[in-house]
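Colleague: Can you walk me through this one? I'd like to hear about cysteines, charged pairs and one serine.
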Amino acid sequence: MEKLAIVILNWNGEAMLRQYMPSVMRYSRDDATVYVADNGSTDGSMALLREHYPECKLIDLKKNWGFAEGYNKALEQIDAEYYLLLNSDIETTHHWLTPLVEFMDSHQQVAACQPKLLSVADRDLFEYAGACGGFLDRYGYPFCRGRIFETIERDDGQYDTNAPILWATGAALLVRARIYKEVGGLDPRFFAHNEEIDLCWRMRIMGYEVYCVPDSHVYHVGGGTLPKSNPMKTYLNFRNNLTMLYKCLPQKELRHVMRVRRLLDYVAAFQMLLLKGNIGDFRAVFRARRDFHRWRHDFDEDRRKIQQSRKVDIIKEQRPFSLLWQYYVKGRKTFSQLKA
């Protein structure tokens with residue numbers, strides 16, 4: 001068994017691999033093996049790796065399985081104590097792995113952790129996709145230490161402490177392999193978006209912990225596959241977020257949260273249309289809600305198993321307030337300003 005498998009999922013990412021693979025190979029530990037799992041790329045990704053990085057192990061998945069199932073199929077083929085799921089658009093730094101691995105080695109109840117995520121474009125800013133660790137509000141809206149909605153904070157060391165979080169970013173996620181398998185891995189039906197939040201929430205429900213370890217930091221491009229304005233991204237985010245809530249919320253909260261979310265989702269859709277003139281995203285929200293209702297009962301057995309596995313009734317990293325109220329009404333734009 002390997003100690004650590006760094007696994008990069010690739011789909012037509014030749015440019016990103018050419019730019020950021022050197023730092024991954026340069027700063028990997030001696031006990032880490034680097035894998036690239038390819039989702040049926042048609043560019044020169046595999047030729048690049050074979051020519052310049054023969055020490056990197058390649059897993060050919062033959063076709064595009066998406067983020068979630070692509071990783072599941074790749075990890076099935078790797079025997080390691082830890083998996084590190086790493087985006088191809090991550091620039092790693094000297095000594096980035098050691099704080100993560102040492103923290104996991106000394107905290108056996110921790111299932112997963114992440115480094116501090118900073119922006120490639122402005123290295124003094126947190127990066128949107130995970131910043132310094134993720135949380136949820138009562139209605140399923142994700143936010144981070146360092147990022148709430150579109151407000152991204154400058155990194156002044158304000159979050160440089162190890163902290164329990166609800167979810168760790170899928171851009172650089174270190175997870176204990178046996179627990180990944182125990183909870184069933186990433187949900188392949190999500191395809192992409194919210195899948196790491198769903199995974200980490202399930203681990204928290206089972207009593208495991210998730211942490212941010214900011215002694216480790218990396219730089220992330222972000223939005224490399226689908227830009228924020230892409231209607232498909234909007235669709236997947238809304239559909240998958242609703243599905244995650246349906247799976248993971250305790251019964252006493254489910255009905256109320258889903259009623260409120262129905263209202264909030266339609267308000268968001270009309271805001272996209274009337275204030276931003278974005279008819280693509282407007283339609284994507286309606287399609288996401290329609291498709292969620294069409295398939296939600298496919299998750300009834302998942303919900304039953306998740307609730308039966310529940311060892312934690314109140315997860316403090318799912319905050320009991322409305323993030324929309326805090327942000328837009330109270331004007332609290334940073335994590336440290338949020339109040340229950």
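Modeller: We'll take disulfides, then salt bridges, then the serine.

Modeller: This is a predicted model, where local features need pLDDT of at least 70, side-chain atom pairs count only at pLDDT 80 or more, and totals for chains, interfaces and linings use all residues. Residues are numbered from 1 along each chain as its sequence is written, and side-chain values use heavy atoms, with hydrogens and water left out.

Colleague: How many disulfides does the search find?

Modeller: It finds 0 in the whole structure, a disulfide being a pair of cysteine sulfur atoms within 2.5 Å. C144 is in none, and the nearest cysteine sulfur, on C132, is 9.2 Å away. C248 is in none either, with the sulfur of C200 nearest at 11 Å.

Colleague: Is C144 buried or exposed?

Modeller: C144 is buried, at 0% relative accessibility. Buried means under 20% relative accessible area, exposed over 50%, and partly exposed in between, using a 1.4 Å probe and protein chains only. C248 is buried as well, at 0%.

Colleague: On to charges. How many salt bridges are there?

Modeller: The count is 24. The rule is a side-chain nitrogen of Lys or Arg within 4 Å of a carboxyl oxygen of Asp or Glu. One of them pairs E81 with K3, at 3.2 Å from N to O. E81 sits in strand β4 (residues 80-86) and K3 in strand β1 (residues 2-10), so the bridge ties together parts 78 residues apart in sequence. Helices (H or I, at least four residues) and strands (E, at least two) are DSSP runs, numbered from the N terminus.

Colleague: And how accessible is E81?

Modeller: E81 is partly exposed, at 28%. K3 is partly exposed too, at 22%.

Colleague: Which residue does E317 pair with?

Modeller: R204, with N to O at 2.8 Å. E317 is in the loop between α10 and α11 and R204 in helix α6 (residues 195-205), so that pair links parts 113 residues apart in sequence. Both E317 and R204 are buried.

Colleague: What about D291 and R294?

Modeller: Their closest N and O atoms are 3.9 Å apart. Both lie in helix α9 (residues 279-295), 3 residues apart, about one turn. D291 is buried at 13%, whereas R294 is exposed at 63%.

Colleague: Last one. Where is S309?

Modeller: S309 is in the loop between α10 (300-308) and α11 (323-329). The S309 side chain reaches the backbone oxygen of I306 at 2.7 Å. Neighbours within four places in sequence aside, S309 is in contact (heavy atoms within 4.5 Å) with I205 and M206.

Terms used:
A polar contact is a pair of N or O atoms within 3.5 Å; within protein, one must be able to donate a hydrogen and the other to accept it, and residues adjacent in sequence count only if both atoms are side-chain atoms.
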